[in-house]
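Let's take a walk through the pockets and one helix of this protein. Have the sequence and the structure open beside you.

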Amino acid sequence: MNKTTTINAYAANEAGGSLEPFTYEVGELKPNEVEIDVLYCGICHSDLSMVDNEWGMSEYPLVGGHEIIGKVSSVGENVVHLEIGGTVGLGWHSGYCGHCESCHSGDENLCASAEGTIVARHGGFADKVRADAASVIVVPEGIDLKSAGPLLCGGITVFNPLVQFDVKSTDKVAVIGIGGLGHIALKFLSKWGCEVTAFTSSESKREEALKLGAHKTLNSRDEAEIEAAAYSFDFIISTVNVKLDWNLYINTLRPKGRLHFVGATLEPLDIGAFPLIMGQRSVSGSPVGSPATIEQMFDFANRHQIQPQVEMFPMSDINKAFDRLKSGEARYRIVLSNE
Ligand SMILES: [Zn+2]
Ligand SMILES: [Zn+2]
């Protein structure tokens, strides 16, 4: 009687290992679950961190992939908001507890028991993936599906702070690091109405940043240039995962300005209290967004035709795609296709 489904995936079998074909069986769909036929799946830097067990929470075989765009192929009996054939997205979270203070407040992304799509379960580098329906987002018509995957992790990570901290169209905002996250941030912010500055150390990216929506660029390695930008910004989003001289950046904030981290730099922040106190400035961080904020982002991206800039690889070329990610040369996000 037990109905099983076979899922064809790519898995790393050890830390740092290459991705090998891997097949696994799943049983009957749970009442709150949906099964998704994966069309496209973005590769996020976190997939690499998980394959390499950088955060010490990887379990092998590990099937990465948490920027999933697909079609619903099956719905559990309690699922009412999704139908078979519908186009959906699945990001970093594949389920929430549903009853903690954060879940009750609409901040499911802060749920301490939220399930990670690739943490102790299998993600979207596969032909199918399953998830709790509460974490599955309807993708509105008009969104370009090939490039949409990266919105579900990279995109929402830089969109969420605009909502959480009420960034205004009159604000002057800077983005540190123009890569997978930063390039989407530039697109969102320029359409949000802000005056946008890109901090980048790469000469070639200065020109590209202007095309992506930045009004100005500053060299993130040029101390004098950064010093000259004192009291310039209301909000700075840092997407980099390297240590910079953060005090230098804090001095570029206007009074009540905020330096906000979405890039996970593993080295401790070395920040003086005095510039924070005197300017009433803040330092903060945030993860991906809630399902409602992801829906808001899709609406906004659709209205303004904002698309991540992606390079496509067939799913079967997943190892080549990972090499491309590691090279740091990708412009700007990589998407695997099951087509
Ligand atoms: Zn919860
Ligand atoms: Zn991610």
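In what follows, contact means heavy atoms within 4.5 Å. Keep in mind that this is a predicted model.

Start with helix H4, residues 154-164: nine of its 11 residues are buried, so the helix is largely enclosed by the rest of the structure. The buried set runs through Gly-154, Gly-155, Ile-156, Thr-157, Val-158, Phe-159, Asn-160, Pro-161 and Leu-162. What sits over them? The cover includes H5, strand S13 (233-238), strand S14 (253-261), helix H10 (291-303) and S17. Just past the end of H4, Asp-166 has a positive phi of about 55°.

Now for the pockets. The largest one holds about 1,400 Å³ of space. Its lining counts 48 residues, and His-45, Leu-181, Thr-239, Val-240 and Asn-241 are the closest to the centre. Two or more lining residues come from each of helix H1 (45-51), helix H5 (180-192), strand S11 (195-200) and strand S17 (333-337). H5 and S17 turn up here as well as in the cover of H4.

The second largest pocket has about 300 Å³ of space. Lys-30, Glu-33, Glu-115, Arg-121 and Arg-130 are the closest to its centre, out of 15 lining residues. Strands S2 (19-26) and S8 (128-132) each give two or more residues to this lining, and S8 has the largest share with three residues.

Here is how the two linings break down by class:

| Pocket | Nonpolar | Polar | Charged |
|---|---|---|---|
| Largest pocket | 21 residues | 20 residues | seven residues |
| Second largest pocket | four residues | four residues | seven residues |

Methods: Residues are numbered from 1 along each chain as its sequence is written. Chains are lettered from A and ligands numbered from 1 in the order in which they are written. This is a predicted model: local features need pLDDT of at least 70, side-chain atom pairs count only at pLDDT 80 or more; totals for chains, interfaces and linings use all residues. Side-chain values use heavy atoms; hydrogens and water are left out. On a 1 Å grid over the protein atoms alone, a cavity is a set of points where a 1.4 Å probe fits but cannot get out, and a pocket is an open set with protein on both sides within 12 Å along at least five of seven lines; lining residues have an atom within 4 Å of a point. Grid points are joined across faces, edges and corners, and a volume is the space filled by probe spheres set on the points. Helices (H or I, at least four residues) and strands (E, at least two) are DSSP runs, numbered from the N terminus. Ala, Val, Leu, Ile, Met, Phe, Trp, Tyr, Cys and Pro count as nonpolar, Asp, Glu, Lys and Arg as charged, and the others, Gly among them, as polar. Buried means under 20% relative accessible area, exposed over 50%, partly exposed in between (1.4 Å probe, protein chains only).
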